[in-house]
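Subject: Structure for your review

Dear colleague,

Please find the sequence and structure below. I would be grateful if you would keep them open while you read the notes that follow.

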Amino acid sequence: MKENMEIKQSELDALDELVQLKLKRPEFRKRWKYLDGEYQLAKLIIQHRVGLNMTRKDLASKAKTTLSVITRIESLSVSVTFRMASRIASALGKTLQISFV
């Protein structure tokens, strides 16, 4: 279990490092205020996927998509549709809830 936690933290650290790197690009920095929801979603996907000991490939298969789509979502390279987020949630054994706060 400790190894799983280390992997999870490693993947989350990698996401944070990626965001810091992308923030150096002016066009990304301009869009960042609109990307917080996607960042939070990517973090949740990584946390739940790793918590279930799933690889990105496993998740892609269960969500009926490709490895490259999961990779792009987790690296904030694409916007996630509601339908895809729902399929990913289902593949992780979760339901998608959206709320305004």
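Which residues make up the largest nonpolar core? In this predicted model, that core has twelve residues: I45, M54, L59, A60, A63, V69, I70, I73, M84, I88, A91 and L92. Helices α3, α4 and α5 are the elements that each give two or more residues to this core. One of the core residues, I45, is in contact with L59, I73, E74, I88 and L92, when its neighbours within four places in sequence are left aside. There is also a second, separate core of eleven residues, which includes F28, Y39, I46 and V50. As general background, nonpolar side chains tend to be buried together in soluble globular proteins.

Helix α5 deserves your attention next. The helix covers residues 82–91, and its buried residues are M84, A85, I88, A89 and A91. Why do these residues lie on the same side of α5? They cover an arc of only 160 degrees around the axis, and this places them on the same side of the helix. The buried residues of α5 pack against three helices: α2 (26–51), α3 (56–62) and α4 (67–74). On the face turned away from this buried side, α5 carries the exposed residues F82, R83 and S90. Just after α5 comes G93, which takes a positive phi of about 75 degrees.

Two residues in the loops should also be noted for their backbone angles. N53 is not a glycine, yet it has a positive phi of about 55 degrees. N53 belongs to the loop between α2 and α3. Is N53 buried or exposed? Its relative accessibility is 59%, so N53 counts as exposed, the cut-off being over 50%. K64, also a residue other than glycine, has a positive phi near 55 degrees. K64 is found in the loop between α3 and α4, and K64 is exposed, with a relative accessible area of 69%.

Finally, a word on confidence. The protein chain averages a pLDDT of 87, and 91% of the residues score at least 70. Over residues 1–6, however, pLDDT stays under 50, and the model has three contacts beyond four places in sequence for that stretch. Where pLDDT is low, the predicted coordinates should not be read in detail.

Yours sincerely,
A colleague

Methods
Residues numbered from 1 in each chain as written. Predicted model: local features only at pLDDT ≥ 70, side-chain atom pairs only at ≥ 80, totals over all residues. Heavy atoms only, no water. Buried < 20%, exposed > 50% of the residue type's maximum accessible area, 1.4 Å probe, protein only. Helix = DSSP H or I, 4+ residues; strand = E, 2+ residues; numbered from the N terminus. Arc of directions from axis to C-beta. Contact = heavy atoms within 4.5 Å. Core = buried A, V, L, I, M, F, W, Y, C linked by side-chain atoms within 4.5 Å. pLDDT = per-residue confidence, 0-100.
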